[in-house]
Amino acid sequence: MVRRRTKLMLGIGALAGLLIGTTGTSFAQEIDPAIAEMGVVTDTMWLLVAAFLVFFMQAGFALVEAGSTQSKNMINIMFKNLMDFCVAALAFWMVGWGIAYGASVGGFFGSDQFFLGDVREAGSVPTLAVWLFQVVFAGTAATIVSGAMAERTKFSAYLIYSVVISVLIYPVVVHWVWSGAGWLNDYDPTTTGDWGFTDFAGSTVVHSVGGWAALMGAWLLGPRMGRYGPDGKPREIPGHSAALAGLGVFILWLGWYGFNPGSQLAFKSQGDADAIALVAVTTTLAAAAGAVGAMIASWLRSGKPELGATLNGVLSGLVAITAGCAYMRPLDAVIVGLVAGPLYVISMKWMESLKIDDPVGAVPVHLVNGVWGTLAVGLFATIEGNTGTVGLFAGGGPQLLIAQIVGVLAIGAWCALTSFLLFFILKRTIGLRVSPEEEELGLDIGEHGTVAYPDIHKMPEPETVRAITGKPLSSAAE
C-alpha cells in the first residue's frame, strides 16, 4: 500500500513538473514579444522627452539674445526666435528630412521621403518620433544665426534664410555624417568608402553649421551703428537685461541634457544606461569648466570677472563637448571645457579686430568651439570613434584626428560657400539690412510697428513712423 502511494505521488509530481515546465516554456515564449515591445516604447519615450528638452532650448536662445541686445529690439528678437523654428519645422518636414535621410545619392544627399507621412515599422521606434528629434536640431542650427545678425537685419531676409538652412544647408551635412550612408561617415568601422568622421551630438553638424552661417551673415551685414568709433576702436553696446541672458543660459544648459544624452537614441539596456550617464556627466563638467575658464580669462583681461563672458563660457563648454561627450572620460571633458572658455574670450577679441559685429558671441561660441570640440575627439577619445580607433593622446594614432580634420574642413567649406551665396543674393535683391533710420529707431518699431517696453520707449506719432520706415504702426500700437 505504501509503495502504491509512493508511486502515485511520484507520478503526480512528474505530471505536475511536466505541466509546470510546459507552461513555463509557453509563458517565456509569449512574454518575449512583450519585452521587445516595451523596449520600443521606452526608446520612443526617451527620444520624445529628449526632443521636448531640445525644443525648450529655443526659449533659452531667445532669452540670451534678447537680454544681450537693446530693449528697442526686444520684439524683433523674440519674433525671429519664434518664427525660425516654425519655418524650419515646415521646411524640414517637406524637404529637409528627405535630403538628410532619404535614399543616398553617392553619399552626398537623400532623394526621397519628402513630405514625410506616418511611416511605421513593427518592432522599431516610429519614424515620426525620430523626425521630431531631428527637427529640433534643425531649428537649433537655424536660430544660431539670429544672435550674430541681431539689431540690424530685415525680418523678411531672416525668414528666407531660415528656410534655406532647413531645406538644404543643414540637411546635406546631416546626410554626410548621420544618415548611415554619407561619404564622411556610414558607421562602418572599417571606414570603407567613408572617413569615419565622428560627431556624437553635433558640435560640427549642428553648431558649426549655424556658426559658419552666422559668420558669413555678420560679415556681409556689417557692424551695428555706433559699434566702432571714428578711430576704428570698438565701443560696447550693452544688452538691456543680464537677468534674461542669465536665465537663458540656464535654460540652454537644461536643454543640452536632451541634446547630448538624447543622442544615445535608446534607453532599454544596461549599456544604454551606462552611455547616457557618461554623456550627462561629461556634458555637465565641460559646461562648468567652460564657465571657470572664461571667467578667469576675462578677469585677467579686464581686471574684473565678467558675467557675459562667463555665461558664454558655459555655452562654449557645452558646444565643445557635444561631439565627444560619449567618447571621453570626465577628466577629458574638463580639459575640453577649460580650453573652450578662454577660446571664446580670445575669439571675441579677434572678431572685434576684424570689425565683425556679433552682439551675442554666436560665432565664438558655436563655430570656434564647435571646431575645437570636434578636433578634441581626435585627441582625447578613449572610446573608439567611427574610425574604430581612439584619439591620439589615448594611443590610437592619427587616424581619428585626420578624419575629424577632413570633416571640419569639408563641412566648413560647404556651409561658408552656401551661406555666403545666400546672404549675398539677399543683399543684392530684397536687401539684408534695415535703413539707418529704422536701426536708430529700433527694429520693434521699424519692422513690427510696436514696442516691447512702452514705459521706456515712447511711441512716435504714426505719421513719423511712416515717414521714417515707410511702414505703418501695428493696430495695437495705434
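Trainee: How much space lies in the second largest pocket?
Mentor: About 470 Å³. The lining has 23 residues, and Tyr187, Phe200, Ser263, Gln264 and Leu265 are the closest to the centre. A pocket here is an open set of points on a 1 Å grid over the protein atoms alone, with protein on both sides within 12 Å along at least five of seven lines; lining residues have an atom within 4 Å of a point. Grid points are joined across faces, edges and corners, and a volume is the space filled by probe spheres set on the points.

Trainee: What kind of model is this?
Mentor: This is a predicted model, where local features need pLDDT of at least 70 and side-chain atom pairs count only at pLDDT 80 or more, while totals for chains, interfaces and linings use all residues. Residues are numbered from 1 along each chain as its sequence is written, and side-chain values use heavy atoms, with hydrogens and water left out.

Trainee: Back to that pocket. Which helix gives the most to the lining of the second largest pocket?
Mentor: Helix 3, with 4 residues. Helices are DSSP runs of H or I, at least four residues, numbered from the N terminus. Helix 7 also supplies at least two residues of that lining.

Trainee: And how does the lining of the second largest pocket divide by class?
Mentor: Into 16 nonpolar, 5 polar and 2 charged residues. Ala, Val, Leu, Ile, Met, Phe, Trp, Tyr, Cys and Pro count as nonpolar, Asp, Glu, Lys and Arg as charged, and the others, Gly among them, as polar.

Trainee: What volume does the largest pocket have?
Mentor: About 720 Å³. Its lining has 31 residues, with Glu236, Gly308, Ala309, Tyr344 and Pro359 nearest the centre. Helix 8 gives the largest share, 6 residues. By class there are 16 nonpolar, 7 polar and 8 charged.

Trainee: Now the closed spaces. How many cavities of 30 Å³ or more are there?
Mentor: The search finds 2. A cavity is a set of grid points where a 1.4 Å probe fits but cannot get out. The largest has a volume of about 100 Å³. It is lined by 13 residues, and Phe61, Val64, Val360, Ala362 and His366 lie nearest its centre.

Trainee: What lines the second largest cavity?
Mentor: Val145, Met149, Thr153, Ala157, Tyr158, Tyr161, Phe423, Leu426 and Leu432. Two or more of these lining residues come from helix 4 (155-178), and two or more from helix 11 (399-428). The volume is about 30 Å³, and the lining has 8 nonpolar, 1 polar and no charged residues.

Trainee: Helix 9 next. Why does its length agree with expectation?
Mentor: Helix 9 (residues 330-353) has 24 residues, so at 1.5 Å a residue it should span 34 Å, and its end C-alpha atoms are 35 Å apart. The expected span is 1.5 Å times one less than the number of residues.

Trainee: What covers the buried residues of helix 9?
Mentor: Helix 5 (203-221), helix 7 (270-302), helix 8 (307-321) and helix 10 (362-380) are among the elements in contact with them, meaning heavy atoms within 4.5 Å. The buried residues of helix 9 include Asp332, Tyr344 and Glu352. Just after the helix, Lys355 takes a positive phi of about 60°.

Trainee: Cys325, buried or exposed?
Mentor: Buried, because its relative accessibility is 0%. Cys86 is at 32%, so it counts as partly exposed. Buried means under 20% relative accessible area, exposed over 50%, partly exposed in between (1.4 Å probe, protein chains only).

Trainee: How many disulfides does the search find?
Mentor: It finds 0 in the whole structure. The cut-off is a pair of cysteine sulfur atoms within 2.5 Å.
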